[in-house]
Each structure stands twice: as structure tokens, then as C-alpha cells.
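I opened this notebook to record what I looked up, entry by entry. The structure comes first, and my notes follow.

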Amino acid sequence: MRVAGVPVAFALLALFMVGCFTVGRNFASAPVTQIEKGVTTKAEIKQWFGDQFRTGLDDGYESWTYIYSSGTGFSQTNSKDLYIIFNKDGTVRSYAYNSNGLD
């Protein structure tokens, strides 16, 4: 089968490769500099970054992950992620922030 003289499989492949994608929800990265281990609370994190993408456990400690990634089939993927582990008292135990320019 052909569409405008182009095989359908090729047309679908081309459409897929130029399509846009987004994973997660964009979040403000400026507040990352305000995070203090043993001081910043879950409520503050929620206020600054909104709802987390994923919740989990890391060696028995609650963890929250924020992820945002976007791109197209022909462009570099832009992404950022914030991973936070909380102490049992609800303060930040540790965190890691990574970005490839999406600040």
C-alpha cells in the first residue's frame, strides 16, 4: 500500500521519528539550591516541586522522584530529574539533581 507514492511503512516510520514526546511534568529547578539536608521537609518539597512522578523506598527510607524529559525523533532529548530520600522524621536525608540544560 502506498500513500502519495510512498510506502505506508516508510510514511509511518517517518511520522514516528519526527513525533514529539514528553515524560513526566516540568518542575521548577530553582528551588533545588534551597534544599538542606536534615532541615527541608516533605511539605516544603511538595510546595516547591508539586506532586512527585514516583514514590519508593531506598534502604527503608521513603524516596520521591521528579522527572521531566522531552524531545523529538531528530533533536536531542532535554531532561532533568530530582531524586530525594527522606529521613524517618520527614526531612531530606539526601538528594541528587541532574539536568542537561532544562533549567
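Entry 1. I began with the accessibility of F53, in what is a predicted model. F53 has a relative accessibility of 42%, and because partly exposed covers the range between 20% and 50%, F53 counts as partly exposed. I then located F53 in the loop between α2 and β4.

Entry 2. I asked which residues form a nonpolar patch on the surface with F53. They are F21 and V23. Together, F21, V23 and F53 have about 240 Å² of accessible area.

Entry 3. I turned to Q52, which I found in the loop between α2 (42-49) and β4 (54-58). The side chain of Q52 makes two entries in my list of polar contacts: one with the side chain of K46, at 3.0 Å, and one with the side chain of T55, at 2.9 Å. Setting aside residues up to four places away in sequence, I noted that Q52 touches K46, W64, T65 and Y66.

Entry 4. I looked up the largest nonpolar core and counted 12 residues in all. Its members are F27, V32, I35, I45, F49, W64, Y66, Y68, L82, I84, F86 and V92. Two or more residues of this core come from each of α2, β5 (61-72) and β6 (78-86). W64 and Y66, which Q52 touches, are among the core residues.

Entry 5. I closed with F86, a member of that core. Apart from neighbours within four places in sequence, F86 is in contact with T41, K42, I45, Y61, E62, W64, T91, V92 and R93. Among these contacts, I45, W64 and V92 also belong to the core.

Conventions
Residues are numbered from 1 along each chain as its sequence is written. This is a predicted model: local features need pLDDT of at least 70, side-chain atom pairs count only at pLDDT 80 or more; totals for chains, interfaces and linings use all residues. Side-chain values use heavy atoms; hydrogens and water are left out. Helices (H or I, at least four residues) and strands (E, at least two) are DSSP runs, numbered from the N terminus. A polar contact is a pair of N or O atoms within 3.5 Å; within protein, one must be able to donate a hydrogen and the other to accept it, and residues adjacent in sequence count only if both atoms are side-chain atoms. Contact means heavy atoms within 4.5 Å. Patches are made of residues with over 30% relative accessible area and no salt bridge: like charges are joined within 9 Å, nonpolar side chains (Val, Leu, Ile, Met, Phe, Trp, Tyr) within 5 Å. Accessible areas come from the Shrake-Rupley method with a 1.4 Å probe; for residues, only the protein chains shown count as cover. A salt bridge is a side-chain nitrogen of Lys or Arg within 4 Å of a carboxyl oxygen of Asp or Glu. Buried means under 20% relative accessible area, exposed over 50%, partly exposed in between (1.4 Å probe, protein chains only). A nonpolar core is a set of buried Ala, Val, Leu, Ile, Met, Phe, Trp, Tyr and Cys residues joined through side-chain atoms within 4.5 Å.
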